[in-house]
Amino acid sequence: MTAYNVVLNLVPDAVKHALDQDTLDYLQGIIEDTPDPEALRDAIEPFLVDAGMSDSDLAGLFAKLSVDTPAEPSISSEPVPLPDAAKPAPIAPIISTASASSRLRSASASKNTSSSKTAKSKGAKIKPPKVQAFSQQSRFHTETVATLSNDVDLKDVNIIVDDNELLVDARLWLKSGYHYGMVGRNGAGKSTLLSVIGNKSLVGFPENIRTLYVQQLDVLDSNISVLESVLASDEERQKRVDDAGAIERSLLVPEKLTEAINKYIQRVAGENIAKAQKIAALRSGKRGKVARESALKAEKNMLATVRNELYQGGKQDNEVAADILAILYAELNTMEAQSAEAKARTILASMDISEAQQDGPVSNLSGGWRMRVALAQALFMEPDVLLLDECTNHLDLAAISWLQAYLVTLDITIVCVSHDRDFLNAISQEIIRLKNKQLTYHPGNYDEYEQTEDELRKKKERQFAALERRREHVKKSIDNFMKHARSTNDSKILTQAASRKKKLERMVGTDRFEDGKRFKRSNWAGWHETLRPELKLERAEKDVDFSIPQPENLRNHGPLVSLDDVSFAYDGAQSQVLDKVSLNVIMGDHIALLGLNGCGKSTLINIIDGTLKPTRGNVERQVRLRIGHYTQHFVDELSGVAESGLKRLMADNSGTKESDARKWLGSFELGGPLAVRPMATLSGGQRARMAMALMLFSNPHMLLLDEVTNHLDMYAVQGLIAALNEYEGTVILVSHDRHFIRETADECYALQNGKLVLLEDGVDEYVASVHPKASARDK
């Protein structure tokens with residue numbers, strides 16, 4: 001019995017009768033080609049629900065299908081061999097070709113997978129969320145598919161993740177060549193918005209506008225060369241290069257040639273199907289029905305259609321291969337592929353990446369240099385819109401200063417999400433705020449945005465106070481009129497009182513719009529519940545209230561930790577990371593450690609913590625000292641954990657009541673459903689706050705904070721600054737956030753060539769030493 005028949009036997013007769021034959025044929029193809037039950041459910045459940053299948057029947061169907069399902073085979077980047085030409089078999093639907101770009105994604109995925117051992121060890125499988133993104137559409141879809149300019153102006157943009165609305169009828173407005181900074185609370189949807197724009201899944205986004213989404217996790221860690229990674233960033237070009245190379249290599253081997261041709265057919269058919277589906281999604285009414293019927297037929301017949309076009313007239317494989325190569329060469333010539341390598345090398349050289357580095361593997365580069373490679377990919381692609389998501393995470397101050405200076409010179413549209421205030425101030429011409437499921441736009445950088453918002457809020461408060469005074473005055477006059485009317489029975493006075501009451505009813509809003517223009521009914525279009533725009537007071541964004549408990553007193557009033565001529569070298573290393581470092585840390589010290597990536601800051605933190613032992617020298621710690629250590633990889637480790645924060649907190653601290661644990665997490669804005677959600681499903685900022693909550697529950701005397709601001713939003717950073725300044729214990733921090741260091745650190749040390757050097761002028765002295773131009777511009 002085929003898989004299709006198995007499924008069909010489990011479907012109620014009423015549901016089967018509600019499905020037309022075209023839909024059944026389509027479902028048969030999906031069922032036969034989708035062995036994984038979860039993937040199968042995602043594919044066929046919408047059709048069964050539309051046909052009237054109940055939730056209980058669905059649950060029973062997919063529970064039955066999940067029993068005795070064979071193990072999923074391991075995924076390989078090598079192509080799967082197809083049957084011999086003597087025994088032709090149908091081509092599997094839309095298998096993506098293995099290219100250099102896919103190898104990059106595989107390398108990145110393997111790295112991310114290794115960081116989620118906790119989830120794997122428990123056998124947890126976290127289902128990715130379902131994201132829907134769409135905007136207002138014209139009935140004539142071509143008007144929304146392409147535009148004549150590089151401006152983006154989409155109305156009624158909606159983004160829904162599972163059942164959670166992130167944007168509702170918002171306006172996405174990006175002016176060509178402008179540099180935008182995007183701010184908003186953690187979990188508001190900033191990264192999701194950038195991702196749906198970058199991967200073109202936002203229905204209605206103009207197809208002619210090229211976008212590139214660069215997030216920190218995309219800064220490559222791969223064994224392919226830097227040059228190859230840049231060339232692979234142009235996926236359309238890379239697909240054609242891979243297809244042409246596979247066919248050229250297979251010309252003398254008939255079996256391999258058939259396989260290469262089939263791969264080309266699969267790619268072209270997949271692109272044609274995707275195009276038909278997109279047209280069907282955009283069209284409505286009768287045209288939409290016709291388009292959906294065409295899309296359904298394309299899914300069923302496209303592979304055969306492409307094959308028949310190539311093999312028409314009884315052509316043999318070698319003749320078809322020659323035709324395909326001619327098509328590919330013409331497409332590559334249109335893309336100017338012959339000059340691609342020279343173009344990539346020129347871009348890399350402009351970023352001071354030497355020819356030896358260009359030909360070497362990406363994995364040999366530090367985080368700052370990998371970010372240069374990511375930017376080189378962006379410039380090679382020549383996007384109209386560059387989307388940067390927390391691009392400063394894990395970069396040192398020197399790399400951030402270079403990146404900041406470089407972005408300012410780019411004449412393309414940039415949208416950047418960052419928690420680094422100095423960085424946003426330097427690169428932003430306009431701020432986009434994501435709040436209350438809406439996008440608002442504010443000219444100027446982040447400091448100017450804050451100042452303008454504060455002034456506007458105070459202005460509204462004054463207007464509101466003035467309006468209340470006028471209302472009170474009118475109310476008193478009405479009361480006086482009514483008293484006089486009751487004592488004199490004067491009807492004229494009652495008429496005046498009634499007139500005043502109508503006036504009071506009209507005094508519910510402002511006399512002027514926000515742009516300063518006087519209110520006129522003719523300028524206030526649409527239907528409204530009030531006679532005038534209501535004067536709504538917007539409260540200042542509340543900073544996250546981090547609860548850092550004050551440490552208990554220690555009996556010994558000496559240094560908490562004392563380092564005496566400490567040196568350290570890793571096994572097999574010829575040079576020392578630390579060379580005769582001496583430092584006394586006393587209660588109440590707030591110290592910042594600065595230096596280039598790889599200079600030994602985290603190593604020094606681990607020696608203070610006791611995780612590492614020095615090669616030479618002595619380290620003394622107070623016996624009862626409790627240390628809270630926040631590592632820069634905390635958030636990445638939690639990204640694969642299926643366990644909830646509440647469960648983890650109670651497991652790590654036995655005897656803790658659930659009510660106390662919930663109250664504690666609530667103080668980090670992780671209460672309610674966030675406390676019981678799998679930590680892997682939280683946003684980056686929410687996971688960062690969760691890591692802080694888990695670390696601080698033990699009431700430590702000393703906090704070792706390694707890149708603690710990564711993933712936090714501006715309001716969380718400000719809340720953390722306030723909490724650390726009130727904390728009476730010791731803080732030693734490693735950070736690239738200049739504003740955060742200025743506000744929290746009393747002393748700054750730089751690690752240079754293994755030596756610890758005190759900086760008299762703090763972080764600004766260090767920035768000036770690594771990048772004088774950026775420092776001068778900041779001032």
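In the predicted model, β5 and strand β6 (residues 385-389) pair in the parallel sense, with five bridges between them. Within this pair, L212 stands opposite L386 in β6. The two strands belong to an open sheet of six strands, ordered β5-β6-β7-β4-β8-β9. Pairing in this sheet is mixed. Its edges are formed by β5 (211-215) and β9 (438-443), each of which pairs on one side only. With direction ignored, neighbouring strands of the sheet are turned by 20° against each other on average.

A further open sheet of six strands follows the order β14-β15-β16-β12-β17-β18. Here too the pairing is mixed. β14 (627-630) and β18 (755-759) have a single partner strand each, so one side of each lacks a neighbour in the sheet. These two strands stand at the edges. From one strand to the next, the twist averages 20°. β14 pairs with strand β15 (residues 702-706) in the parallel sense. Four bridges join β14 and β15. In one of these strands, β15, L704 is the bridge partner of H629.

Helix α27 lies across β14 and β15. The helix runs at about 165° to β14. Helix α27 covers residues 684-696 and contains Q686. The relative accessible area of Q686 is 9%. Q686 is therefore buried, as this value is under the 20% cut-off. Leaving aside residues up to four places away in sequence, Q686 touches N186, G187, L670 and L674.

V641 sits in a loop rather than a helix. The loop lies between α23 (634-638) and α24 (645-652). V641 has a relative accessibility of 2% and so counts as buried. V641 and P678 are 37 residues apart along the chain. Their C-alpha atoms, however, are separated by 6.8 Å.

Internal voids were examined next. The structure holds two cavities of 30 Å³ or more. The largest cavity contains about 80 Å³ of space. Its lining consists of Y4, V7, L8, V11, K16, L19, L24, L27, I31, I44 and L48. Three helices each supply at least two residues of this lining: α1 (3-10), α3 (21-33) and α4 (37-50). By residue class, the lining of the largest cavity divides into ten nonpolar and one charged, with no polar residues. K16 is the charged residue in the lining, because Lys counts as charged.

At the level of the whole chain, 31 helices and 18 strands are present. The chain has 779 residues, and buried residues make up 45% of them. Contacts in the chain with a separation of 6 or more were also sorted by distance along the sequence. Residues 24 or more positions apart account for 72% of these contacts.

Note on methods. Residues numbered from 1 in each chain as written. Predicted model: local features only at pLDDT ≥ 70, side-chain atom pairs only at ≥ 80, totals over all residues. Heavy atoms only, no water. 1 Å grid on protein atoms, 1.4 Å probe; cavity = no way out; pocket = protein on both sides within 12 Å on 5 of 7 lines; lining within 4 Å. Points joined across faces, edges and corners; volume = space filled by probe spheres on them. Pairing = 2+ DSSP bridges. Axes fitted to C-alpha atoms, helices over the stretch in contact; angles between N-to-C directions. Buried < 20%, exposed > 50% of the residue type's maximum accessible area, 1.4 Å probe, protein only. Contact = heavy atoms within 4.5 Å.
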